Amino acid sequence: MSSKFNPVAVGQNDVVILVMGSTGTGKSSFIQLLTNNTSVKIGNNIDSLTSEVQVFRLLDHTSGHNIVVVDTPGFDDSRSDITDTAILKKITEFLLNQ
């Protein structure tokens, strides 16, 4: 299983928030609310929707910091062919490419 994410250059002063957790717990919903980005895809049930690491950026106007919010596939994926090990590999690959 190969990850296909768009590499995002993370600056030295960027704040990176990696959002991880079980499938269906609201990770993507939280990111959509935080970033006010309606392009964040959200599932309507407990079945897995996010299958790749996705990156969203925002600017914290108070501190001036660029925030990089990383949406990850959920653990205990509802798809039988996706293991937690495969998900951790995707996340690790993303982090190593930063």
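Visitor: In what order do the three strands form the open sheet?

Guide: First, the general idea: helices (H or I, at least four residues) and strands (E, at least two) are DSSP runs, numbered from the N terminus, and two strands pair if DSSP finds at least two bridges between them. In this structure the order of the open sheet is β1-β3-β2, and the pairing is mixed. The edges belong to β1 and β2, each with a single partner strand, so one side of each is left without a neighbour in the sheet. From one strand to the next, the twist averages 20 degrees.

What you are looking at is a predicted model: local features need pLDDT of at least 70, side-chain atom pairs count only at pLDDT 80 or more, and totals for chains, interfaces and linings use all residues. Residues are numbered from 1 along each chain as its sequence is written, and side-chain values use heavy atoms, with hydrogens and water left out.

Visitor: Which strands run parallel, and which antiparallel?

Guide: Follow the bridges. β1 and β3 run parallel and are joined by five bridges; for example, V15 stands opposite I67 in β3. β2 and β3 run antiparallel, with six bridges between them. Two residue pairs to look for are L59 with its bridge partner N66 in β3, and F56 with its partner V69 in β3.

Visitor: What does α1 touch as it packs on the sheet?

Guide: Contact means heavy atoms within 4.5 Å. For directions, axes are lines fitted to C-alpha atoms, for helices over the stretch in contact, and angles run from 0 to 180 degrees between N-to-C directions. By these rules α1 touches β1, β2 and β3, and its direction makes about 160 degrees with that of β3.

Visitor: How do the elements of the chain run from the N terminus on?

Guide: They run β-α-β-β-α, which fits the two helices and three strands in the chain. In the hairpin of β2 and β3, six residues lie between the strands, and G64 there takes a positive phi near 80 degrees. N36, in the loop between α1 and β2 (54-59), also has a positive phi, of about 55 degrees, although it is not a glycine.

Visitor: How many residues of strand β3 are buried?

Guide: Buried means under 20% relative accessible area, exposed over 50%, and partly exposed in between (1.4 Å probe, protein chains only). Strand β3 (residues 66-71) is mostly covered, with five of its six residues buried. Across the chain, buried residues make up 33% of the 98 residues. For other cases, N36 counts as exposed because its relative accessibility is 67%, while G26 counts as partly exposed at 32%. You will find G26 in the loop between β1 (15-19) and α1 (27-35).

Visitor: Which residues does S28 touch, and what joins its side chain to D71?

Guide: S28 lies in helix α1 and counts as buried because its relative accessibility is 11%. Not counting residues up to four places away in sequence, S28 touches V40, K41, I42, T50 and D71. A polar contact is a pair of N or O atoms within 3.5 Å; within protein, one must be able to donate a hydrogen and the other to accept it, and residues adjacent in sequence count only if both atoms are side-chain atoms. One such contact, of 2.6 Å, joins the side chains of S28 and D71.

Visitor: How far from K27 is the nearest side chain of opposite charge?

Guide: Lys and Arg count as positive and Asp and Glu as negative; His and the chain ends are not counted. A salt bridge is a side-chain nitrogen of Lys or Arg within 4 Å of a carboxyl oxygen of Asp or Glu. K27, in helix α1, is buried yet has no salt bridge: that nearest side chain, D71, is 5.9 Å away. Instead of looking for a charge partner, look at S22, whose backbone oxygen the side chain of K27 reaches at 2.8 Å. Leaving aside neighbours within four places in sequence, K27 is in contact with residues including V19, M20, D71 and P73.
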